[in-house]
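Okay, thanks for making time, everyone. I'd like to talk through the ligand sites and the empty spaces in this one, so let me put it up on the screen.

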Amino acid sequence: MSVIAESAVGHDELAVLKLLALEGGLEGDVKISCSHLADRLDASNQTASRRLQRLESADLLERDTVSDGQWVQVTETGERTLRAEYEDYRRIFETDAQVALEGTVTSGMGEGRHYISLSGYQRQFEERLGYEPFPGTLNVDLREDSVRRRSAMASLEPVPIDGWESEERTYGPAVCYPAMIETADGEVYDDAHTIAPERTHHDDDQLEVIAPDKLREELGLEDGDHVTVSVGDRE
Ligand SMILES: Cc1cc2nc3c(=O)[nH]c(=O)nc-3n(C[C@H](O)[C@H](O)[C@H](O)COP(=O)(O)O)c2cc1C
Ligand SMILES: Nc1ccn([C@@H]2O[C@H](COP(=O)(O)OP(=O)(O)O)[C@@H](O)[C@H]2O)c(=O)n1
Ligand SMILES: [Mg+2]
């Protein structure tokens, strides 16, 4: 059922959702009539009504019908769907903008320390990031919307760290981006980088940050503390 409902939502329905949001549908209920909507869409009343129905079935919209029209409100799922579109346009038009990711500090598996200390990586950090990182990665458990927004980092300029080999084994490459961390108290640390190792035990919801200093000490961070990591060069 939900598959049918979801597949019924295409670009035409999204256009209606956007229109309703423009009329205030995100902030609260807006009152519309099908004929007004049909006018705006340059479509028939039936078409306008069908699109509203599909949006409602897909849980993107809530409706309350009254005698002279209907009250509509864009749902949380609806807002998320619009935001995903917005992120796409951001990626098209805003190259090199900052991507702000939010989450909470968390402990990992204690492996970051080992990898960051290896000379095959250290050499590259000093050369390409300009510092010797504190041995470890500060792990940030990203909020759901930030996990999605993370893909916007693809439009930023990365600092590549190459894979290498020792006598015993090979080590994978990683990608770094310049980053700034801000705590809930407004304390800021500027010279950090995010690091995404190609071989990792973590999923997309974990962001790893490296810096010349121990960030837990510099910023007084403990597990569960909220941080914003702004990724990308400042304009
Ligand atoms: C620079 C760097 C290189 C890594 N290379 C590898 C690798 O070659 N193979 C691997 O299994 N994990 C590699 N990892 C990933 C770690 O095993 C681990 O998944 C990750 O860094 C999280 O560690 P943490 O939970 O201790 O913070 C690397 C991590 C970093 C930071
Ligand atoms: N720049 C950094 C890097 C790591 N750390 C912390 O240093 C410790 C060692 O890092 P790690 O990656 O080996 O450990 P976990 O992230 O697995 O807990 C962890 O407590 C990290 O949160 C930090 O405070 N500042
Ligand atoms: Mg770590």
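**Ligands, pockets and cavities**

Let's start with ligand 2, where one of its oxygen atoms lies 2.8 Å from a backbone N or O atom of Gly108. Before I go on, please keep in mind that this is a predicted model. Arg113 also uses its backbone here, with an N or O atom 2.8 Å from an oxygen atom of ligand 2. Arg216 comes in with its side chain instead: a polar atom there lies 2.7 Å from an oxygen atom of the ligand. On its own, ligand 2 has 510 Å² of accessible area, and the protein covers 92% of that.

Who's around it? Ligand 2 is surrounded by 16 residues, and the closest are Gly108, Gly110, Arg113, Leu215 and Arg216. So that's Gly108, Arg113 and Arg216 turning up again, if you were keeping track. As for secondary structure, H6, strand S5 (138-142) and helix H9 (215-218) each give two or more residues to this shell. By class, we have seven polar residues, five nonpolar and four charged.

Now over to ligand 1. Which backbones make polar contacts with it? Gly112 has a polar backbone atom 2.9 Å from an oxygen atom of ligand 1, and His201 has one 3.0 Å from an oxygen atom of the ligand. With Arg199, a backbone N or O atom lies 3.1 Å from a nitrogen atom of ligand 1. The protein covers 95% of the 620 Å² of accessible area that ligand 1 has on its own.

The shell around ligand 1 holds 20 residues, with Met109, Glu111, Gly112, Thr137 and His202 coming nearest. Helix H6 (112-117) and strand S10 (188-197) each supply at least two of the shell residues, and H6 gives the most, with three. The classes here run to nine polar, seven nonpolar and four charged.

So where do these ligands sit? Ligand 1 takes up space in the largest pocket, and ligand 2 sits in the largest pocket too. About 750 Å³ of space lies in that pocket. It has 38 lining residues, and the closest to its centre are Glu111, Gly112, Arg113, Thr137 and Glu208. Two or more lining residues come from each of H6, helix H7 (119-128), S5, S10, strand S11 (206-210) and H9. H6 has the largest share, at four residues. For the chemistry of the wall, count 17 nonpolar, twelve polar and nine charged residues.

Next up, the second largest pocket, with a volume of about 390 Å³. Of its 13 lining residues, Lys18, Leu82, Arg83, Glu85 and Tyr86 lie nearest the centre. Helix H2 (11-25) and H5 each supply at least two of the lining residues. The lining divides into eight nonpolar residues, four charged and one polar.

Last thing, the cavities. How many are there of 30 Å³ or more? The count comes to two. The largest holds about 70 Å³ of space. Its lining includes Glu87, Arg90, Arg91 and Glu94, along with Ala97, Gln98 and Val99, and then Ala152, Ser155 and Leu156. Helix H5 (residues 76-93) gives the most to this lining, with three residues. By class that's four nonpolar, two polar and four charged.

Okay, that's what I had.

Technical notes:
Residues numbered from 1 in each chain as written. Chains lettered and ligands numbered in written order. Predicted model: local features only at pLDDT ≥ 70, side-chain atom pairs only at ≥ 80, totals over all residues. Heavy atoms only, no water. Near = heavy atom within 4 Å. Polar contact = N/O pair within 3.5 Å; in protein donor to acceptor, adjacent residues only side chain to side chain. Areas by Shrake-Rupley, 256 points an atom, 1.4 Å probe, with all protein chains shown as cover. 1 Å grid on protein atoms, 1.4 Å probe; cavity = no way out; pocket = protein on both sides within 12 Å on 5 of 7 lines; lining within 4 Å. Sits in = over half its atoms within 2 Å of the grid points. Nonpolar A, V, L, I, M, F, W, Y, C, P; charged D, E, K, R; others polar. Points joined across faces, edges and corners; volume = space filled by probe spheres on them.
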